[in-house]
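Here are some short exercises to work through with the structure in view. Try each one yourself before you read the solution.

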Amino acid sequence: MTKRLFFIFSMIVLTSHCWSLQAQSKAGSNIVSKQKEISVSPKLVVGIVIDQMRYDYLTRFYNRFGKGGFKRMMDEGFNCKNNHFNYVPTYTGPGHASIFTGTTPQNHGIISNYWYDKFSKAEVYCASDPSVSAVGSESELERMSPRRMKTTTVADQNRLHTQLKGKTIGIAIKDRGAILPAGHTANGAYWFRGKDEGKWITSTYYRDELPDWVKKFNDTDQAESYLKIWNTLYDIKTYTASGPDLNDFESGYKGKEGATFPYDLAALKDKNAGYDIIKGSAYGNSLTADFAIASLDGEQLGADSVTDFLTVSFSSTDYVGHNFGVNSIEIEDTYIRLDKDLERLFKALDLKVGKGNYTMFLTADHGAVHVPAYLKSLKIPAGYFDTDLFSENVKTFVKNSYQIEGLIEEIANDQVFFDYDVLAKNKITPEKLENSIAQFILKYDQIDKVLTRTQLTSGEYSHGLAALIQKGYNQKRSGDVVYAFDPATVTYHLKGSTHGSGLSYDTHAPLLFFGKGIKKGSTTQKTETQDIAPTISALLGIAFPNGATGDVLSFVLE
């Protein structure tokens with residue numbers, strides 16, 4: 001072999017060896033990359049919902065928060081500052097369902113807390129289920145399950161993905177706040193039965209007997225310990241982020257003259273539905289945190305490498321908001337105390353699951369409007385709407401226009417339902433009745449917009465209130481004419497706050513991500529509630545909930 005041929009042969013061998021090394025290196029890199037991708041999945045996902053939390057509570061009370069609660073999530077996690085619900089109505093049931101299904105009432109079917117069922121001709125509750133019984137209570141009012149929710153949740157998808165090895169537990173004072181987030185396949189959902197019981201309960205949808213850890217918790221009489229004086233945590237003079245304690249815009253508790261601190265919950269218990277008074281105080285959140293912390297050991301959540309889910313809804317913020325209003329010292333004190341409860345929960349997660357081993361998000365199911373009477377006192381347009389008188393006037397108009405009884409079957413949830421049998425018998429087309437009623441309602445004082453079934457099902461609205469109404473409209477469950485009120489106009493008491501509209505005070509909710517797989521940062525880019533479940537699904541590498549319409553917030557993920 002000549003020197004020239006030997007040199008060429010040597011170069012070929014050397015080049016082949018280099019290619020082989022590069023291929024091995026690339027393959028090794030891919031393995032490392034895949035291992036890194038697999039290891040991203042946390043041991044536990046914690047989904048927290050604060051009932052009736054407006055986004056501006058984060059900023060309004062920021063200086064009152066410690067470093068270990070809300071601020072920890074804001075400083076060490078990702079803050080989506082422009083997060084909104086993209087549908088109407090903004091109530092608790094639809095809110096919790098939308099957060100965890102990644103879609104809107106148009107698809108998941110939870111169109112309100114209560115709605116008129118035109119097939120059974122009766123009002124139904126979003127979590128009611130007559131086929132099950134309460135467990136831990138003898139009450140016939142606690143027969144609950146997620147069966148009315150038509151789609152899966154992100155927790156359901158995690159159960160399916162892990163061959164049911166990943167566990168799901170839902171916890172809230174309110175039954176719907178525990179049941180809907182946990183989904184159809186949950187290992188357990190627990191809510192608080194107040195009245196004369198003061199116990200955490202479930203239903204036979206999940207199991208036939210309370211687990212030992214729940215029995216043990218109930219036996220400690222922890223609820224009883226919160227029947228005590230509720231006073232401001234700090235000197236009331238320091239509560240400058242709220243209005244005066246004595247004002248004309250708060251309801252308060254039965255048995256106490258005036259809605260001013262302090263409140264003796266033990267003394268007021270009997271006139272306020274027994275243990276239910278805890279629900280309506282800041283201590284209801286503390287009790288929820290106690291129970292959630294107990295569940296970590298009781299259910300061994302995050303104890304192995306298979307991802308578990310814990311959903312926790314803090315419901316008492318909603319009760320306090322309804323009773324005392326957005327601008328009350330009671331609300332400020334409730335959030336100061338909730339911040340400390342969150343810190344306790346986070347410390348428990350650090351200890352029992354481990355820092356960096358869990359992922360968490362925190363949001364709300366809706367916001368709330370300032371008390372309209374308070375807004376009116378400041379010359380801001382606001383008001384109250386008489387639903388009973390309105391319903392009577394609409395029915396009278398239809399009767400006089402058509403000289404026929406029974407064309408309207410029901411008016412509920414800002415919707416008019418037709419009796420299609422009566423329409424067919426009298427050869428009246430639904431479109432004709434829709435249009436005449438819509439024209440009449442639109443002329444009505446305090447009504448801002450009216451949309452008909454035909455409009456909502458024959459095209460797609462891309463923006464504005466019409467788009468929000470359409471995303472909240474379920475073709476099978478909703479009515480035939482839908483109407484919306486003027487801003488800050490409500491069907492509610494003259495005192496206290498409420499919610500339900502498509503206005504920003506009801507749609508703008510906090511959205512914080514924190515923990516494993518989450519970047520540190522913030523954005524003012526608009527995000528929507530239905531984006532949460534797809535984002536968590538992408539983090540876990542699992543299928544999206546089966547009705548999901550939201551997008552992955554990729555800028556949140558590492």
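**Exercise 1.** Work out the strand order of the open four-stranded sheet and find its edges.

Step 1. The order of this open sheet of four strands is β14-β15-β17-β16, and the pairing is antiparallel.
Step 2. At the edges are β14 (408-412) and β16 (447-452); each has a single partner strand, so one side of each lacks a neighbour in the sheet.
Step 3. On average, neighbouring strands here are turned by 15 degrees against each other, direction ignored.

Some terms: helices (H or I, at least four residues) and strands (E, at least two) are DSSP runs numbered from the N terminus, and two strands pair if DSSP finds at least two bridges between them. Axes are lines fitted to C-alpha atoms, for helices over the stretch in contact (heavy atoms within 4.5 Å), with angles from 0 to 180 degrees between N-to-C directions.

The model is predicted: local features need pLDDT (the predictor's confidence in each residue, from 0 to 100) of at least 70, side-chain atom pairs count only at 80 or more, and totals for chains, interfaces and linings use all residues. Residues are numbered from 1 along each chain as its sequence is written, and side-chain values use heavy atoms, leaving out hydrogens and water.

**Exercise 2.** Find which residue stands opposite Gln415.

Step 1. β15 (residues 415-418) pairs with β17 (residues 481-485) over two bridges, in the antiparallel sense.
Step 2. Opposite Gln415 you find Val482 in β17.

**Exercise 3.** Identify the helix that lies across β16 and β17.

Solution. Helix α20 (residues 464-471) does, running at about 50 degrees to β16.
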